[in-house]
Amino acid sequence: MKNFIWKFLPFNELSNNQLYSVLALREEVFEIEQNCIYQDLDFQDQMAIHILCLDSSKESNDGLAAYCRVFTTNAERSEAVIGRVIVNKNYRSQKLGYELMNKVIEFLKSKGEAKIKIAAQAHLKRFYENLGFVWISDDYDLDGIPHLDMRLVV
C-alpha cells in the first residue's frame, strides 16, 4: 500500500509546481483522455480549497495521485460544492477515489457544512451513491458529457 500525503490548500498557498501539476492532471484527464474541449480555467480556482493527494514515494512533481477542489458555503452558495474530482490513471486501481472523497467529506463536516453538492459525470453515479450521495436532477449535457446533480446531507 502506498503512503500518501494529503494537502488542503487555498489557492494562494499552492506552490507554482503544485498548481502546474494540478492543471496538467486536469488537462490530461478532463480534456485529452475524455476528449472534451471545455473552459477548465474558470476563475473559480482562486476561491476554492484544493485537495491534493501526493504519492510520498515520488520526489518529482508527477506524484499528484488525486485531486479535487471544494467550495464552502458563503453569501452566494447555500451548500458546499465538490468539483474537478480526479484520480491519476496510474492510481485508479487502488480505490483512491473513495479515499479522496471520504477525506473531503470529513473536511467539509469539520467546517460545519451540512449539505454537499456535486455535478457528477453520469457514468459515476454508482460511485457517488456508494458514498451516500443521492441524485437530485435528471441527466443533462455538460460540455458533451452526461452529468447529473447529486447531494449528500451530512
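Select F8 first: in this predicted model, F8 stands opposite I51 of strand β2. Extend the selection to the whole of β1, residues 4-10, and to β2, residues 49-55; the two strands run antiparallel and are joined by seven bridges.

**Strand β2 and its other neighbour**

Keep β2 selected and add β3 (64-71). β2 and β3 also run antiparallel, here with six bridges between them. To find the register, display H50, which stands opposite R69 in β3.

Now show the side chains of β2. Which residues point one way from the strand, and which the other? I49, I51, C53 and D55 point to one side, while H50, L52 and L54 point to the other, and all of them are buried. Because seven of the seven residues of β2 are buried, the strand is largely enclosed by the rest of the structure.

**Two cysteines**

From β2, select C53 and then C68. C53 has 0% relative accessibility and counts as buried; C68, also at 0%, counts as buried as well. Why is C53 not bonded to C68? The closest cysteine sulfur to that of C53 is the one in C68, and at 10 Å it is too far for a bond. Taken from the other end, the closest cysteine sulfur to that of C68 belongs to C53, again at 10 Å and too far. For this step, the cut-off for a disulfide is a pair of cysteine sulfur atoms within 2.5 Å. Across the whole structure, the search finds zero disulfides.

**The loop after α1**

Next, select N35, in the loop between α1 and β2. Its phi is near 50°, a positive value in a residue other than glycine. With 70% relative accessibility, N35 counts as exposed.

**Helix α2**

Move to α2, residues 96-110. This helix has 15 residues and reaches 21 Å from its first C-alpha to its last, close to the 21 Å expected at 1.5 Å a residue. Which residues of α2 are buried? They are L96, G97, L100, M101, V104, I105, F107 and L108. Just after the helix, select G112, which takes a positive phi of about 85°.

**Strand β8 and its partners**

Select β8 (145-153) and add β5 (115-121). β5 and β8 pair in the antiparallel sense over seven bridges, and I116 stands opposite L152 in β8.

Then add β6, residues 134-135, which pairs with β8 in the antiparallel sense over two bridges. Here V134 stands opposite R151 of β8.

Add β7, residues 140-142, as well: β7 and β8 pair in the antiparallel sense over three bridges. Display Y140, which stands opposite H147 in β8.

The hairpin of β7 and β8 has two residues between the strands. Select D143, in the loop that links β7 and β8. Phi of D143 is near 55°, a positive value in a residue other than glycine. D143 is partly exposed, with a relative accessible area of 42%.

**From β8 to L124**

Return to H147 and measure across to L124. How far apart are L124 and H147 in sequence and in space? They are 23 residues apart in sequence and 9.0 Å apart in space, C-alpha to C-alpha. L124 lies in the loop between β5 and α3. L124 is partly exposed, at a relative accessible area of 30%.

**The largest pocket**

For the last stop, display the surface around the largest pocket, which has a volume of about 960 Å³. Of the 36 residues that line this pocket, select those closest to its centre: F30, R84, V85, A119 and Q121.

Colour the elements that each supply at least two residues of the lining: α1 (16-33), β3, β4 (80-87), α2, β5, α3 (125-130) and β8. Which of these elements gives the most to the lining? β4 does, with seven residues.

Finally, colour the lining by residue class. The lining of the largest pocket has 20 nonpolar, eight polar and eight charged residues. Several elements visited earlier meet again here, including β3, α2, β5 and β8, each of which supplies at least two residues of the lining.

Note on methods. Residues are numbered from 1 along each chain as its sequence is written. This is a predicted model: local features need pLDDT of at least 70, side-chain atom pairs count only at pLDDT 80 or more; totals for chains, interfaces and linings use all residues. Side-chain values use heavy atoms; hydrogens and water are left out. Buried means under 20% relative accessible area, exposed over 50%, partly exposed in between (1.4 Å probe, protein chains only). On a 1 Å grid over the protein atoms alone, a cavity is a set of points where a 1.4 Å probe fits but cannot get out, and a pocket is an open set with protein on both sides within 12 Å along at least five of seven lines; lining residues have an atom within 4 Å of a point. Grid points are joined across faces, edges and corners, and a volume is the space filled by probe spheres set on the points. Helices (H or I, at least four residues) and strands (E, at least two) are DSSP runs, numbered from the N terminus. Ala, Val, Leu, Ile, Met, Phe, Trp, Tyr, Cys and Pro count as nonpolar, Asp, Glu, Lys and Arg as charged, and the others, Gly among them, as polar. The expected span of a helix is 1.5 Å times one less than its number of residues. Two strands pair if DSSP finds at least two bridges between them.
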